[in-house]
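User: I'd like to learn how to read strands and helices in a model. Could you walk me through it?

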Amino acid sequence: MKIVLSTLNSRYTHTSLALRYLYANMQELQNNTSIMEFSINDAMQSVAEKILDENPDILGLGVYIWNATQIHELIHIIKRVSPQTKIVLGGPEVSYEPFRVDFSDADYIIKGEGDVAFYELCKNIIENKEQERITPLSAPKLKEIELPYKYYSDEDIQNRYIYVEISRGCPFECEFCLSSMDEKVRAFDLEKVLEEFETLWQRGARAFKFVDRTFNLNMKAANMVLDFFLEKEPPYFAHFEVIPDHFPASLREKIKSFPHGALQLEIGIQTLNTEIANNISRQLKLDKIKENISFLENETSAHIHLDLIVGLPGESLESFGENLDAVKAMSSCEIQIGILKKLSGTYIDRHDETFGMVYSDIPPYDILKNNQLSFKEIQKMKRFARFWDILHNSGNFKNSVELLWKDESVFTNFYAFSLWVYEQTDATYKISLQRQGELLFKYLTECKKITPDIVADAMLSDMMKLKGRAVPNYLKPYSKDFTIDAKLGTSGFNKRQQ
């Protein structure tokens, strides 16, 4: 009996922690099981061909918001070519109903955590035991399951991110998030986990991305993990998702000790409007948030990534703009602007009638309109978010992009800029760095009426900060007296990590 575990990652540099958990817990079936990973950018017929070359009797597929449509296509192809192959689906996208992508061609679906359930299902299939098509939600005891980390290959360690975790679940009830469905936070045996991390380190792993929803909830565990890295010789990279209002003294001292580029913290702000936060059952301790972001900004070398969401129930464009202005006043870090999504199983649907919430039923299920934002305004904000990402978050225009707003509203000025950019390009993707710079220079000098010498000085300091770059043509008339103090380049550990 041949079993293949597979999924479509969002990009090559990503790996699937879930598949490795399933493989680690296959017991006596492990010798007949293999992992095959692909990307959503691969051609689905080619993916199907490679999978079927293995002649699997059972195919387990991980389904997520980013690959649901492609998985539907993949199932269709495989079932047409090899109808005898039993297809088992698992993952967040099939853990809660309704299923908004048609997965009816799949033979079985496992809801929730499949670490043990997948093995048991395979065993029942092999033994020809009767099995329900849908396995209900389950939560195995974490200290009793086999850890997956030894199953990262040498190629993974050398070229891809290593995803790890020390806990599962989230104690908060934010209505837009699937983690709000968890009953409680459950922890792994940390000593065993750290032993596995040490083995990964000895094998050469240096980029660790923690998938825990609230890394800084348990101080003892968080400090032990931070100590693990602080005892190592840089360079290395560790990414954590943290809550913004819980940074006690012990944690602060350790975060301050990390070298530049070694630590990335993702912090979900989502909104600073207390009324809107209350609508979505989100705790909001504004004083603590401001205090902790100020600490991270001014006293640490950590790369900070703050999240805001467009389209929350009851939140107007003006309110979102005030959020962005407030967050930008707190920090110069990356601010990720997301569009609200309605995930199956979440409680955000309780606002549909009251706030006129209308969502797409096609992944990623983003909001189309509500009684505060029209479809047109949502579209404009999607473009706003994209241009913000490539011009602000990228760090390519760190000094010059600030000229867009100076001492005025960040949101109001960047909104006007984003409308103008779209008028010029009629596109949000495949805009080269050269073209981005040209657009920014033109807008600042012609629309904002800022003296070209001032704009050029800021842009030259941005564009020429890396050794080897040529002065762009549009800046050459202003570069005669400019002194280039470029670095030799930046280590991958000093860049924003996706």
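Analyst: Let's go through the sheet, then the helices around it and a helix pair. Keep in mind that this is a predicted model.

User: Let's start with the sheet. In what order do the six strands of the open sheet come?

Analyst: Read across the sheet, not along the chain. Here the order is β2-β1-β3-β4-β5-β6, and the pairing is parallel.

User: Which strands stand at the edges?

Analyst: Look for strands with a single partner. Those are β2 (33-39) and β6 (134-135), so each has one side without a neighbour in the sheet.

User: How many bridges pair β1 with β3?

Analyst: Five, linking residues 3-9 of β1 to residues 58-62 of β3 in the parallel sense. To see a bridge on screen, pick S6: its partner in β3 is L61.

User: Which strands does helix α1 lie across, and which does α3?

Analyst: Helix α1 (residues 17-24) lies across β1 and β2, and runs at about 175° to β2. Helix α3 (residues 68-81) covers β1, β3 and β4 (86-90), at about 170° to β4.

User: Now the helix pair. At what angle do α8 and α10 pack?

Analyst: For a helix pair, check angle, distance and handedness. α8 (residues 249-257) and α10 (residues 286-299) pack at about 25°, with axes 10 Å apart. Under 35 degrees counts as roughly parallel, so that is what α8 and α10 are to each other. The crossing of α8 past α10 is right-handed.

User: Which residues make the contact?

Analyst: From α8, R252, I255 and K256; from α10, E291, N292, F295, L296 and E299. By type, that contact has three nonpolar residues, one polar and four charged.

Methods
Residues numbered from 1 in each chain as written. Predicted model: local features only at pLDDT ≥ 70, side-chain atom pairs only at ≥ 80, totals over all residues. Heavy atoms only, no water. Axes fitted to C-alpha atoms, helices over the stretch in contact; angles between N-to-C directions. Helix = DSSP H or I, 4+ residues; strand = E, 2+ residues; numbered from the N terminus. Parallel < 35°, antiparallel > 145°, perpendicular 65-115°, else oblique. Left-handed = near helix turned anticlockwise from the far one by under 90°. Contact = heavy atoms within 4.5 Å. Nonpolar A, V, L, I, M, F, W, Y, C, P; charged D, E, K, R; others polar. Pairing = 2+ DSSP bridges.
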